[in-house]
Amino acid sequence: MKKVMLKLLSAAAMVGVMASSVQADEAAMAAAGAEVFKRCQACHSTDSSKNAFGPSLIGVVGREAASLPRFAYSEALKKSGITWTEANLRQWVADNTKLVPGTRMRHVSITDPAEQDYLIAYLKTL
């Protein structure tokens, strides 16, 4: 019985360590993403009450495109029907004019998949 309990406790400890490791990895990715986001912050706010030249990016992951009030989106983005999934965000930051021809946002071109991973991890924290 003691051996079974020790094995269960050991397994539970490993799960706890693995969960902590995953959380640490996510935090490190988000921190790296905050660095990548510095390219975006000239135009985008991380304050939900403020839009800048571009809309606030608070809650952007999973949000419908062109859906924030108080921001004048392009007709192209309004008609895009896009939801900001991870896949769409990757396409957008890689080549937004290819994803939505006629958008007003200038092309950013973050094509490195690792930088995209970091940026999306950061955006998920907003």
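1. A good place to start is Asp117, which is partly exposed at a relative accessible area of 30% (buried means under 20%, exposed over 50%, and partly exposed in between, with a 1.4 Å probe and protein chains only). This is a predicted model, in which local features need pLDDT of at least 70 and side-chain atom pairs count only at pLDDT 80 or more, while totals for chains, interfaces and linings use all residues. Residues are numbered from 1 along each chain as its sequence is written, and side-chain values use heavy atoms, with hydrogens and water left out.

2. Asp117 has a partner: its side chain meets that of Arg90 in a salt bridge, 2.6 Å from N to O (a side-chain nitrogen of Lys or Arg within 4 Å of a carboxyl oxygen of Asp or Glu). Arg90 sits in helix H3 and Asp117 in helix H4, 27 residues apart (helices are DSSP runs of H or I with at least four residues, numbered from the N terminus). Arg90 is partly exposed too, at 23% relative accessibility.

3. Next come Lys124 and Glu86, whose side chains form a salt bridge at 2.4 Å, N to O. Lys124 belongs to helix H4 and Glu86 to helix H3 (residues 86–99), with their positions 38 residues apart in the chain. Lys124 is partly exposed at 48%, and Glu86 is partly exposed at 32%.

4. Do look at Arg39 and Glu115 as well, paired in a salt bridge of 2.7 Å, N to O. Arg39 lies in the loop between helix H1 (2–37) and helix H2 (75–78) and Glu115 in helix H4 (residues 113–125), so this pair ties together parts 76 residues apart in sequence.

5. Over the whole structure, the search finds 5 salt bridges.

Terms used. Helix = DSSP H or I, 4+ residues; strand = E, 2+ residues; numbered from the N terminus.
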